[in-house]
Amino acid sequence: MTATFDRTSEIQLNSQVSSFLKQPKKLLINGKWVDAANGKTFPVYNPATGEAIAQVAEGTAEDINQAIKAARQAFENGPWSRITVSDRGKLIWKLADLLEANLEEFAELESIDNGKPIGVARVADVPLAIDLFRYMAGWATKIEGSTIPISVPYDPGSKYFAYTQREPVGVVGQIIPWNFPLLMAAWKLGPALAAGCTIVLKPAEQTPLSALRLGELICEAGFPDGVVNIIPGYGETAGAALAAHPDVDKVAFTGSTEVGKLIVQAAAGNLKKVSLELGGKSPNIVFKDSDLETAIPGAANAIFFNHGQCCCAGSRLYVEQSIFDRVVEGVAEQGKKIKVGPGLDPTTQMGPLVSDEQLDRVCGYLQSGLSEGATAVIGGQRIGDKGYFVEPTVLVNTKQTMKVVQEEIFGPVVTVLPFQEIDELVSIANDTIYGLAAGIWTKDIAKAHNIASKLRAGTVWINCYNIFDAALPFGGYKQSGWGRDMGREALENYTEVKSVCVRL
Ligand code: NDP
């Protein structure tokens, strides 16, 4: 593993990105870019260096109020409330086209803001966001109800015609995290726009840049004023005000389980609808009959992709006893080969963690694991003292009860435990408060399906991991969340069902 921090300052930014970084970054309210009501700004840092790269207007409750007023007006009375579903779909498609035309700029922006390798942002984050918008653009014309034959036992002989229709839920608050800033904005905005809602989006304080640039494209695409409002700011102020606001009909949140619970409490005031995509501690299971040529790199990718900052990271690796040493050695080899460095260096395979706070959190878990008796086969430490880099880490000699096995670390740290019996395996795999994802590696397909049915997880990958598609619903069992992002299911978050019954 090598680190190339000294190259950060040499990396030339794309001229569009440099000029975007230099412009004042404001709030998008009712189609206009405005300063925060209190005039304050907050700094955004490059995680590879810890240096501030931009100042962003700091939205607070007053700005959230204004944005919600604009969203309400756009929902009730604006052109958006009268637009045809076909035109709604065309606007979303146009946004995807604009994003595609600016792919390189977004990849760079995402890399400098979040720290992820530019190569990853280029082939994953931005294309997945484009695809999501296109997928949801198609749904705008297909959100249908049904006709329902009814009997009405207390009204014999009468005839009724009954049908359902799906209507937009209304004004939606969306609060998103920093691990896939653009993609999370797309996951939230795409289905809400397809359903005809209006939106107030709060990006994470660490990574607001791509959402703000997306706001410019939303204006350029021609969405009517007030349909999408973007308010960067802090969770405790802007986020909390959005979640609690009495004129918001629904709040959609992605982030920690801890904050997810605060969102539920805040939403209770007006009983707004809530969907949550929260944390995970996903089991990744390797059987002795798997193809180790794919299972070993697959297990490494499951944890090290995006530096482990994935809610679905395969952070608990369970390996059948007889191949335990071989898999540990193989995953460690893969981890050692990863080139860690600044995201903008094209040769980088793993960038820094997103923030000093996240660095402290991950290092705290490493210390906790090692002090409880775990052994680091590779890694276990921070790299250098500039930027927020952590070594890819493989921990063995762990126990199911340890904090590193039970809690979400959200860093490049995998714990590996052996298993012998399938019943014991299913019970330890499910032994967590979370239920987001799981992986199974075996050539015995009947066994794979059988275990998949027993795992309490919203997504199960068999002989693969981290496979995402706009059409495939994603979300969690247990404390990993409520509702699903992506796929047809995501539209349910943003629609109400109305039953209409006509006496004939
Ligand atoms: P948070 O859950 O705090 O942040 C997610 C979003 O919620 C951000 O926009 C944040 O704003 C906002 N927020 C924070 N507090 C409130 C509040 N009281 N009311 C409304 N919104 C709020 O995650 P962290 O950034 O603190 O990361 C901590 C841990 O969360 C990680 O280590 C990881 O375990 C987990 N996490 C899970 C993610 C997932 O994809 N499921 C994504 C990110 C983190 P602000 O940015 O200003 O804090």
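**Figure 1. Composition of the shell around the ligand in the predicted model.** The residues of this shell divide into 15 nonpolar, nine polar and five charged. In total, 29 residues surround the ligand, and the closest are Trp178, Glu205, Gly235, Ser256 and Glu408.

**Figure 2. Oxygen atoms of the ligand and their polar partners, including Ile176, Lys202 and Gly233.** A backbone N or O atom of Ile176 is found 2.8 Å from an oxygen atom of the ligand, while an N or O atom in the side chain of Lys202 is 3.0 Å from a ligand oxygen atom. For Gly233, the atom concerned is a polar backbone atom, with 3.5 Å separating it from an oxygen atom of the ligand. The ligand taken alone exposes 860 Å², of which the protein buries 92%.

**Figure 3. The ligand in the largest pocket.** The space that the ligand takes up is the largest pocket of the predicted model. Two or more residues of the shell around the ligand come from each of the elements α8 (235-244), β9 (250-254), α9 (257-267) and α12 (356-371).

**Figure 4. Lining of the largest pocket, with a volume of about 1,200 Å³.** This pocket is lined by 44 residues, and those closest to its centre are Phe253, Gly255, Ser256, Val259 and Arg361. The elements α8, β9, α9 and α12 each give two or more residues to the lining of the largest pocket, and α9 gives the most, with seven residues. Sorted by class, the lining of the largest pocket holds 20 nonpolar, 14 polar and 10 charged residues. Ser256 is named both among the residues closest to the ligand and among those closest to the centre of the largest pocket.

**Figure 5. The second largest pocket, which holds about 290 Å³ of space.** Its lining is made up of 15 residues, of which Asn301, Phe304, Phe305, Ile338 and Gln349 are the closest to the centre of the second largest pocket. The elements that give two or more residues to this lining are α10 (292-304) and α11 (324-337). The largest share of the lining of the second largest pocket comes from α10, with four residues. By class, the lining of the second largest pocket consists of seven nonpolar, six polar and two charged residues.

Methods: Residues are numbered from 1 along each chain as its sequence is written. This is a predicted model: local features need pLDDT of at least 70, side-chain atom pairs count only at pLDDT 80 or more; totals for chains, interfaces and linings use all residues. Side-chain values use heavy atoms; hydrogens and water are left out. A residue is near a molecule or strand if one of its heavy atoms lies within 4 Å of it. A polar contact is a pair of N or O atoms within 3.5 Å; within protein, one must be able to donate a hydrogen and the other to accept it, and residues adjacent in sequence count only if both atoms are side-chain atoms. Accessible areas come from the Shrake-Rupley method with a 1.4 Å probe; for residues, only the protein chains shown count as cover. On a 1 Å grid over the protein atoms alone, a cavity is a set of points where a 1.4 Å probe fits but cannot get out, and a pocket is an open set with protein on both sides within 12 Å along at least five of seven lines; lining residues have an atom within 4 Å of a point. A molecule sits in a cavity or pocket if more than half of its atoms lie within 2 Å of its grid points. Ala, Val, Leu, Ile, Met, Phe, Trp, Tyr, Cys and Pro count as nonpolar, Asp, Glu, Lys and Arg as charged, and the others, Gly among them, as polar. Grid points are joined across faces, edges and corners, and a volume is the space filled by probe spheres set on the points.
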